[in-house]
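Hi,

Here is the structure I promised to send over. Have a look at it first, and then read on for what turned up when I went through it.

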Amino acid sequence: MKQVAWMAGPSVAAWLATLAVVDGRVGMAVLFGMLGPLVLACVSWVLSERTYKRDPRALTGLLLTAFAFKMVFFGLYVAVMLRVLHLPAVPFAVSFSSYFIALHFVEALFLKRLFASDPRA
């Protein structure tokens with residue numbers, strides 16, 4: 001759970017810092033650009049860690065299933081944010097892309113650390 005705090009804390013702090021320099025509408029676009037990737041990265045990490053500790057061989061299947069789910073979810077998420085909520089496209093896209101890449105990178109580092117700490121490895 002400490003890793004979830006390491007993902008959520010800096011993400012929220014960056015959004016709060018952004019609010020200091022942008023208007024409310026852009027701030028909302030940045031918030032929603034952050035929320036989708038953050039929630040899925042946190043859920044994905046928790047499931048990955050629990051699965052690996054229970055049965056490391058099951059992790060590959062979980063990650064493949066999560067990948068497929070994320071493809072569908074993010075497609076729908078972006079469509080809803082832009083077409084239904086009518087968020088400003090550029091701030092949302094920049095925020096979404098930045099958080100998506102950064103959080104997946106952090107999740108990969110956490111997985112690397114998890115694998116390295118396993119005495120079975």
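Let's start with the inside. This is a predicted model, and its largest nonpolar core has 18 residues. The ones with the most contacts inside that core are M7, W15, M34, L38, W45 and L103. Helix 1 (2–19), helix 2 and helix 4 (89–116) are the elements that give two or more residues to this core. Helix 2 has the largest share, with nine residues. As general background, nonpolar side chains in soluble globular proteins tend to be buried together.

If you want one residue to click on here, try M34. Setting aside neighbours within four places in sequence, M34 is in contact with S11, V12, W15, S95 and Y99. There is also a second, separate core of eight residues, and A29, L40, F74 and Y77 are among them.

Now the overall picture, in case you want to get your bearings. The protein has four helices and zero strands, so to speak a plain α-α-α-α pattern when read along the sequence. The C-alpha atoms fill a box of roughly 50 × 30 × 15 Å, taken along the principal axes. Of the 121 residues, 35% count as buried. Among contacts between residues at least 6 apart in sequence, 75% join residues at least 24 apart. The accessible surface comes to about 7400 Å², and 75% of that belongs to carbon and sulfur atoms.

Back to helix 2, which runs over residues 24–54. Two of its polar residues are worth a look. S44 lies in this helix, and is S44 buried or exposed? S44 has a relative accessible area of 8%, which is under the 20% cut-off, so S44 is buried. Not counting residues up to four places away in sequence, S44 touches K70 and E107. For a sense of scale along the helix, the C-alpha atoms of S44 and G24 are 20 residues apart along the chain and separated by 30 Å.

E49 lies in helix 2 as well. At 14% relative accessibility, E49 also falls under 20% and therefore counts as buried. Leaving aside neighbours within four places in sequence, E49 is in contact with M1, Q3 and L114.

Next, the aromatics. The count comes to eleven aromatic pairs. Which geometry do F74 and F100 have? Their pair is edge-to-face, at 5.3 Å centre to centre and with 80 degrees between the planes. This pair links distant parts of the chain, with F74 in helix 3 (residues 59–84) and F100 in helix 4, 26 residues apart. The two partners differ in cover: F74 counts as buried at 8% relative accessibility, whereas F100 is partly exposed, with a relative accessible area of 30%.

F100 has another ring partner in F96. The ring centres of F96 and F100 are 5.9 Å apart and their planes are at 25 degrees; that angle is under 30 degrees, so this pair is stacked. F96 and F100 both lie in helix 4, four residues apart, which is about one turn of the helix. F96 counts as buried, at 12% relative accessibility. Zooming out, ring pairs link F69, F73, F74, Y77, F92, F96 and F100 into a cluster. Y77 and F74 turn up here again, having already been named in the second core.

On the outside, look for a nonpolar surface patch of about 450 Å², made by F67, M71, V72 and L76. F67 lies in helix 3. With 53% relative accessibility, F67 is over the 50% cut-off and therefore counts as exposed.

One last residue for your list is H86. Where is H86? H86 is in the loop between helix 3 and helix 4. Its phi is near 55 degrees, a positive value in a residue other than glycine.

If you only have a few minutes, I'd colour the two cores first, then the ring cluster, then the surface patch.

Cheers

Key: Residues are numbered from 1 along each chain as its sequence is written. This is a predicted model: local features need pLDDT of at least 70, side-chain atom pairs count only at pLDDT 80 or more; totals for chains, interfaces and linings use all residues. Side-chain values use heavy atoms; hydrogens and water are left out. Buried means under 20% relative accessible area, exposed over 50%, partly exposed in between (1.4 Å probe, protein chains only). Contact means heavy atoms within 4.5 Å. A nonpolar core is a set of buried Ala, Val, Leu, Ile, Met, Phe, Trp, Tyr and Cys residues joined through side-chain atoms within 4.5 Å. Rings of Phe, Tyr and Trp (its six-membered ring) pair if their centres lie within 6.5 Å; planes under 30 degrees apart count as stacked, over 60 as edge-to-face and the rest as tilted. Patches are made of residues with over 30% relative accessible area and no salt bridge: like charges are joined within 9 Å, nonpolar side chains (Val, Leu, Ile, Met, Phe, Trp, Tyr) within 5 Å. Accessible areas come from the Shrake-Rupley method with a 1.4 Å probe; for residues, only the protein chains shown count as cover. A salt bridge is a side-chain nitrogen of Lys or Arg within 4 Å of a carboxyl oxygen of Asp or Glu.
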